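Grab a pencil and have a go at these exercises before peeking at the solutions. Here is the model to work from.

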Amino acid sequence: MVYCSSAMIQYPERSTLQALLAKGRRQARANHQLSQLRGEKPPTFSFLLMGWEFWRSVWRDPSLTTWQEKAAFVWVVHRFKWAIAWVLLFPRP
């Protein structure tokens, strides 16, 4: 491997909540399968909790200027985490 400062990487934009949730489900499914192959213990669901640091970072985020933006962001993160939990609880073969 070599470093290339002019290399550019592009990722597809997730323009809808459904597209973002679908990506989260795919990632959760892949991570679950990898952990099973490695013989690791099942994941805990502590990631569903949004601790003090999360709330503080949302409150202080300069790109979220209104209450509505902050609430929408928290709602998306919450929904994303539950989508991942659903995949972990009910993995497809």
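**Exercise 1.** Work out whether phenylalanine 54 counts as buried or exposed in this predicted model.

*Solution.* Start with the relative accessible area, which is 18% for phenylalanine 54. The cut-off for buried is under 20%, so phenylalanine 54 is buried. Next, place the residue: phenylalanine 54 sits in helix H2. Then look for its partners. Leaving aside residues up to four places away in sequence, phenylalanine 54 touches Phe73, Val74 and Val77. Of these, Val74 and Val77 are themselves buried residues of H3.

**Exercise 2.** Check the length of helix H3 against what its residue count predicts.

*Solution.* H3 covers residues 67-89, and that makes 23 residues. The rule is 1.5 Å times one less than the number of residues, so the expected span is 33 Å. Now compare with the model: the end C-alpha atoms of H3 lie 33 Å apart, which agrees.

**Exercise 3.** Find what the buried residues of H3 pack against, and say which nonpolar surface patch includes Leu89.

*Solution.* First, pick out the buried residues of H3, among them Lys70, Ala83, Ile84 and Leu88. The buried residues of H3 pack against H1 and H2. Now go to leucine 89, also in H3. Leu89 joins Phe45, Trp86 and Phe90 in a nonpolar surface patch, with about 450 Å² of accessible area together.

**Exercise 4.** Which helix has the highest confidence, and which the lowest?

*Solution.* Begin with the whole chain: mean pLDDT is 83, with 97% of residues at 70 or more. Confidence is highest in H2 (residues 52-60), at 88, and lowest in H1 (residues 17-37), at a mean of 82.

Notes:
Residues numbered from 1 in each chain as written. Predicted model: local features only at pLDDT ≥ 70, side-chain atom pairs only at ≥ 80, totals over all residues. Heavy atoms only, no water. Patch = residues over 30% accessible without salt bridge, like charges linked within 9 Å, V, L, I, M, F, W, Y side chains within 5 Å. Areas by Shrake-Rupley, 256 points an atom, 1.4 Å probe, with all protein chains shown as cover. Salt bridge = Lys/Arg side-chain N within 4 Å of Asp/Glu carboxyl O. Helix = DSSP H or I, 4+ residues; strand = E, 2+ residues; numbered from the N terminus. pLDDT = per-residue confidence, 0-100. Buried < 20%, exposed > 50% of the residue type's maximum accessible area, 1.4 Å probe, protein only. Contact = heavy atoms within 4.5 Å.
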